[in-house]
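Open your viewer, switch to a cartoon view, and let's walk through this model together. At each stop I'll suggest a selection and tell you what is there.

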Amino acid sequence: MKWLSDQALDRLRMAADAPDLSGTGYVLLDKLGAGGMGSIFRVQDTALGRQVALKVLAIVDSNGEFGARLLREAKIIAQLEHPGIVPVHEVGTLPDGRVFYTMKLVQGRRLDQYRDELGGVPECLRTFQKICEAVSFAHAHQVLHRDLKPQNIMIGKFGEVLVMDWGLAKLLNADIPAGSNEVSKIRFQQQPSSYADTFEVGTAHGVVVGTPGYMAPEQARGDVEAVGPRADVYSLGAVLKFLLVDSGRVPKALSAIGSKATAEDAQHRYGSVEELANDIAYYLDGLPVSAYPEGVVARLWRWMVKNSSWILLIFAYLVMRALFVLWRGR
Amino acid sequence: MRDNGDLRGQGQFPATRWSLIVAARSAVPEERQRALEVLTAAYWKPVYKYIRLRWDKDNEQAQDLTQDFFLRILEKEFLARYDPQRARLRTFLRVCVDHLIANEDKAARRLKRGGDVQIFPLDFESAEGELQRIEIPSPDSMEDFFEREWVRSVFSLSLERLRQECEQRGKQMHFRLLEFYDIDEAGKELTYEQVGQRFELKTSDVTNYLAYARREFRRVVLEQLREMTGSEDEFRREARTLLGVATP
């Protein structure tokens with residue numbers, strides 16, 4: 001029997017993991033990454049002469065459950081035509097029996113790798129607004145993401161923001177699976193990374209999906225019926241905190257926005273992603289935000305900061321005028 | 001029992017789930033014997049190497065202890081104690097090896113059995129040779145080492161079985177291409193076109209042959225794994241260890 005070196009083991013492992021693209025019109029180029037359920041490869045679309053990303057099921061699918069889930073993910077993304085959501089091109093089954101779909105190849109980096117390159121707070125907030133726009137669009141189409149985290153957000157070469165990995169998405173208008181009030185399996189990612197292992201544990205409520213640290217409390221409890229748009233608001237609040245964590249002293253109003261978005265009680269959070277995005281926009285415009293009731297002094301100070309250029313100009317004018325009067329009076 | 005992959009052919013179980021675990025717990029001695037053979041084929045090299053390095057035993061001691069370990073599986077029917085809900089079979093076996101060696105009365109057992117008498121004819125020479133070719137792991141990474149050796153063992157057995165199947169189906173070239181392109185050092189930097197020139201095949205044939213061999217290799221590995229795991233959950237997790245975790 002042939003001796004297999006460590007390098008040979010790695011190559012064999014990758015060869016066995018690689019999608020069987022024979023007869024598909026795609027040529028395998030390289031592997032881009034692996035998530036909880038699928039691996040993503042860069043492939044060449046020989047018919048159109050372009051590179052696309054191909055996501056294929058990477059786990060054993062004994063009863064077709066995961067294949068169906070990947071198919072569902074592709075269908076959900078296909079419904080969401082938005083600049084902030086990567087478009088799906090094709091879905092199908094490979095000769096090796098694994099379900100796959102192809103999508104636009106995003107040239108860029110994950111938000112967690114890109115954060116340090118974002119400028120100050122305003123740039124972080126403008127990026128965050130784009131994330132909110134994509135999620136809000138999905139909510140308007142009755143789709144919850146349920147796994148929003150920096151690792152699932154890509155920043156493209158030209159600053160475009162794309163919300164990725166809709167594998168755990170939930171359709172709000174779909175029927176809740178039967179038996180949701182019985183003991184069932186839960187699936188979550190242990191580490192805040194899209195490359196983390198998935199686990200299954202029992203819960204007395206229902207299906208739990210998400211990533212600790214970014215998952216809303218009701219989602220972590222497996223309280224299926226309580227998981228709504230506010231669960232994504234919580235995750236976005238956690239993403240906002242992630243963006244601002246190295247920004248030094250965070251202004252109180254901004255800190256309050258983060259706190260309101262990540263309130264333990266869903267009823268204390270923003271009612272929608274749009275409300276959260278509005279508060280961010282108000283903050284950027286120097287206007288009062290709903291999350292932070294201001295006193296008179298704070299309001300005056302914010303007004304002064306916002307109009308500091310005009311105040312300085314008027315002050316300079318008055319000083320000059322006073323000096324002129326004094327000079328004339330001599 | 002030689003290291004030639006024949007075990008898998010003789011001891012092959014029907015394609016039912018968890019057949020090895022079920023057979024290992026069977027009241028029928030022949031069933032248990034077959035389970036032991038399959039188990040031994042996949043695990044004896046990892047166990048031997050683990051004993052050599054983790055417990056710092058010389059090769060004769062390690063051979064005795066390896067024999068002793070697999071004998072105990074059959075004698076004591078200790079696989080009946082294995083609970084798939086609590087641990088992977090691989091982890092269970094490694095811990096059992098640790099217990100066996102930590103237990104000091106094993107020397108007496110070996111003497112009672114007759115010292116270096118081999119119950120199973122295992123090819124320790126080849127295992128010893130392999131040990132000389134691998135990097136010695138640090139003491140705190142012995143668990144990873146055991147896993148790596150288990151992967152090596154399962155892949156080796158799977159390749160041997162795939163070779164036999166390809167021969168039976170007249171697809172020797174498919175297997176040869178897999179060996180050349182995915183295992184041999186000589187093939188790893190070549191393009192499909194260059195491989196085609198070397199084997200006098202069209203590039204499209206290289207693509208299709210390799211796709212077939214890889215697909216079949218994946219299938220064989222998963223079939224072997226299914227026999228060697230105790231639950232669907234363990235099967236999935238071990239499949240991930242074997243096939244799905246490599247990232248560039």
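Start with chain A, coloured by burial if your viewer allows it: of its 330 residues, 39% count as buried. Bear in mind throughout that this is a predicted model. Chain A holds 10 helices and 12 strands. For contacts between residues at least 6 apart in sequence, 56% of those in chain A link residues at least 24 apart.

**Stop 1: the domains of chain A**

Give residues 17–104, 109–284 and 296–329 separate colours; they are domain 1, domain 2 and domain 3 of chain A. How far apart are the centres of domain 1 and domain 3 of chain A? Taken over C-alpha atoms, the separation is 62 Å.

**Stop 2: a three-stranded sheet**

Next, select β6, β8 and β9 of chain A, which form an open sheet in the order β6-β8-β9 with antiparallel pairing. Its edge strands are β6 (108–110) and β9 (161–163) of chain A, each of them pairing on one side only. On average, and ignoring direction, neighbouring strands here are turned by 25° against each other. As a reminder, strands of a sheet pair through backbone hydrogen bonds, so switching on a hydrogen-bond display is a handy way to look at them.

Zoom in on β8 (residues 153–156) of chain A: 3 bridges join this strand to β9(A), and the two run antiparallel. Pick Ile155(A) and look across to β9(A), where its bridge partner is Val161(A). Now add α4(A), which packs on the sheet and touches β8 and β9 of chain A. The direction of α4(A) makes about 40° with that of β9(A).

**Stop 3: Glu133(A)**

Stay with α4 of chain A, which covers residues 121–140, and select Glu133(A) within this helix. Is Glu133(A) partly exposed or buried? Glu133(A) counts as partly exposed because it has 18 C-beta neighbours inside 10 Å, while a buried residue needs 20 or more. Setting aside neighbours within four places in sequence, show what Glu133(A) is in contact with: Gly84(A) and Ala277(A). For a sense of scale, draw a C-alpha to C-alpha distance from Glu133(A) to Ser22(A); the two are 39 Å apart in space and 111 residues apart in sequence.

**Stop 4: a helix pair in chain A**

Select α6 (residues 229–244) and α7 (residues 252–261) of chain A, whose axes come within 7 Å and cross at roughly 145°. The crossing of α6(A) and α7(A) is left-handed. Show side chains for the contact: α6(A) brings Val233(A), Tyr234(A), Leu236(A), Gly237(A), Leu240(A), Lys241(A) and Leu244(A), and α7(A) brings Leu254(A), Gly258(A) and Ala261(A). By type, the residues of this contact are 7 nonpolar, 2 polar and 1 charged.

**Stop 5: chain B and where it meets chain A**

Move to chain B, which has 12 helices and 0 strands. Of its 248 residues, 41% count as buried. Among contacts in chain B between residues at least 6 apart in sequence, 69% join residues at least 24 apart.

Finally, show both chains and select the interface, where 34 residues of chain B are in contact with 30 residues of chain A. On the chain B side, the elements giving two or more residues are α8 (142–168), α11 (203–228) and α12 (232–244). Which of them gives the most? Highlight α11(B), which gives 9 residues. Coloured by type, the side of chain B that touches chain A shows 13 nonpolar, 7 polar and 14 charged residues.

Methods
Residues are numbered from 1 along each chain as its sequence is written. Chains are lettered from A and ligands numbered from 1 in the order in which they are written. This is a predicted model: local features need pLDDT of at least 70, side-chain atom pairs count only at pLDDT 80 or more; totals for chains, interfaces and linings use all residues. Helices (H or I, at least four residues) and strands (E, at least two) are DSSP runs, numbered from the N terminus. A residue is buried if 20 or more other C-beta atoms lie within 10 Å of its own, exposed if 12 or fewer, and partly exposed in between; C-beta atoms are placed from the backbone. Two residues are in contact if their C-beta atoms, placed from the backbone, lie within 7 Å. Ala, Val, Leu, Ile, Met, Phe, Trp, Tyr, Cys and Pro count as nonpolar, Asp, Glu, Lys and Arg as charged, and the others, Gly among them, as polar. Two strands pair if DSSP finds at least two bridges between them. Axes are lines fitted to C-alpha atoms, for helices over the stretch in contact, and angles run from 0 to 180 degrees between N-to-C directions. Domain bounds come from an automatic or database domain assignment. A crossing is left-handed if the near helix is turned anticlockwise from the far one by less than a right angle, and right-handed if clockwise.
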